[in-house]
Structure formats: structure tokens, C-alpha cells
Amino acid sequence: IKLGFPAVAEPFPGRKWEEVFPGMAKPNVVTLWYVIEHFPNLKEVLESLAEVLPLGGHLALGTPNGKGISRLFSSQKFWKISPEDHFTIWNPQNSRQILRKFGFRVDGIRITGHHPERFPGIRQTGSRQNGFFFRIIKLLDRWLGWGDTFEIYATKMRTVERNPL
């Protein structure tokens, strides 16, 4: 399939943008949907993202929520079923602080992955899932930010020098 834009299979982080895409402008947007948690070298990844994006460039990512309902109400099960290749667990609170260190300002966070049936004592069965009680639980889930995944939308505001340590 030809999509009309260049693509390569390349380890990330790896070579510099200019080496991979000679003569091409750097992107204004980078998205990472459910991949950031898979990098064992998070610092290097965030430094590389900050390096490839220009000032004013945007970063969007989705990741599991370490403060979602599954973790809050069944922490042992959360850690037991968490994939071995998840090296970091993000949450809406720590994401702002982490990204700020790499020159990003978080513009928005959207809680996703809502699973009201994961509330203790609630089962998703037939008409109950459309019932009043289930809708209240779903609203609480959204209001309290207990979705099991979330999205972050950030803008690169400053350049941060790589720390050799």
C-alpha cells in the first residue's frame, strides 16, 4: 500500500532525524498511542522526542492509567496482569511533572478506557448496564478520572539540553 509519505522501520531512539529523513523538515506533531510504557529507556526517549520536535511542536500520547479504577480497586490484580513489557506506569498527575522536565507543557489530559463494570460489586449484565445505577457509576468514573487509560496532549515550550548522566 502506498500512502504518499515516507516511512521507515528504525529503532527509536536511534539515529537523528536528519540521518533517517535527509532534507526533510522535522515533524510538528509526534503521536505515541499505547507505546510510551514499552520503552525501558524513558529518559532517552523523552530527550529524543524533545529534540525532534520544534518549539511549538505537539506531542500526543495514550497510555494505561496507573491511577485508574483497576489499580485503585484491585492493585494486586493490576500488577499481576500488567504486561512484563510495561516499563513505566503513568498517571495524569505525574505526566505533567515528567513532561515539564523535557520542555513540554501539558495542554490537556483526556481520561479514556472507562469500565464501570470494574467497580467493586458491579457486574455488567443485560439491562443493568443501561440502568440508572450503572450510568451513575459511569459518570463517577469519568468525574473522578478512574478510566484505565488516558491521553496527554502537550506542546514543546522550551529546549532542554541532554544531561549526560
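Start with the whole protein chain: of its 165 residues, 39% count as buried, where buried means under 20% relative accessible area, exposed means over 50% and partly exposed is in between, using a 1.4 Å probe on protein chains only. Keep in mind that this is a predicted model, in which local features need pLDDT of at least 70 and side-chain atom pairs count only at pLDDT 80 or more, while totals for chains, interfaces and linings use all residues. Residues are numbered from 1 along each chain as its sequence is written, and side-chain values use heavy atoms, with hydrogens and water left out.

**Stop 1: the ribbon**

Switch to a cartoon view and you'll find six helices and four strands in the protein chain. Helices (H or I, at least four residues) and strands (E, at least two) are DSSP runs, numbered from the N terminus. Follow the ribbon along the sequence and the pattern reads α-β-α-β-α-α-α-β-α-β. Of the contacts (heavy atoms within 4.5 Å) with a separation of 6 or more, 78% are between residues 24 or more positions apart.

**Stop 2: helix 2**

Now select helix 2, residues 42-52. Is it enclosed by the rest of the structure, or exposed? Eight of its eleven residues are buried, so helix 2 is largely enclosed. To see them, pick out Leu42, Val45, Leu46, Glu47, Ser48, Leu49, Ala50 and Val52. The buried residues of helix 2 pack against helix 1, strand 1, strand 2, helix 5 (92-101), strand 3 and strand 4.

Stay on this helix and click Glu51. At 35% relative accessibility, Glu51 counts as partly exposed. Leaving aside neighbours within four places in sequence, Glu51 is in contact with Lys16, Lys26 and Arg162. Take Arg162: Glu51 and Arg162 are 111 residues apart in sequence, yet their C-alpha atoms are 9.1 Å apart in space.

**Stop 3: the largest nonpolar core**

In soluble globular proteins, nonpolar side chains tend to be buried together. A nonpolar core here is a set of buried Ala, Val, Leu, Ile, Met, Phe, Trp, Tyr and Cys residues joined through side-chain atoms within 4.5 Å. Which members of the largest one touch the most other members? Select Ile36, Leu46, Leu59, Trp90, Leu99 and Phe104, which do so among its 22 residues. Two or more residues each come from strand 1 (29-33), helix 2, strand 2 (58-64), strand 3 (104-112) and strand 4 (149-156). Helix 2 supplies the largest share, six residues.

Zoom in on Leu46. Not counting residues up to four places away in sequence, Leu46 touches Ile36, Trp90, Ile98, Leu99 and Phe102.

**Stop 4: the largest pocket**

Turn on a surface and look for the largest pocket, with about 570 Å³ of space. On a 1 Å grid over the protein atoms alone, a pocket is an open set of points where a 1.4 Å probe fits, with protein on both sides within 12 Å along at least five of seven lines, and lining residues have an atom within 4 Å of a point. Grid points are joined across faces, edges and corners, and the volume is the space filled by probe spheres set on the points.

Of the 27 lining residues, Phe12, Arg15, Trp17, Phe21 and Val52 are the closest to the pocket's centre. Helix 1 (17-20), strand 1 and helix 2 each give two or more residues to the lining, and helix 2 gives the most, with five. Colour the lining by class to see 16 nonpolar, three polar and eight charged residues. Here Ala, Val, Leu, Ile, Met, Phe, Trp, Tyr, Cys and Pro count as nonpolar, Asp, Glu, Lys and Arg as charged, and the others, Gly among them, as polar.

Next, show Trp17 and Phe21 as sticks. Their ring centres are 4.5 Å apart and their planes are at 40 degrees, so the pair is tilted. Rings of Phe, Tyr and Trp (its six-membered ring) pair if their centres lie within 6.5 Å; planes under 30 degrees apart count as stacked, over 60 as edge-to-face and the rest as tilted. Trp17 is partly exposed, at 22% relative accessible area, whereas Phe21 is buried, at 14%.

**Stop 5: backbone details**

Step to Pro13, in the segment before helix 1. The peptide bond from Phe12 to Pro13 is cis, with omega near -10 degrees.

Then go to Tyr34, in the loop between strand 1 and helix 2. Its phi is near 60 degrees, a positive value in a residue other than glycine.

Finish at Gly113, in the loop between strand 3 and helix 6 (132-144). Leaving aside neighbours within four places in sequence, Gly113 is in contact with Gly147, Asp148 and Thr149.
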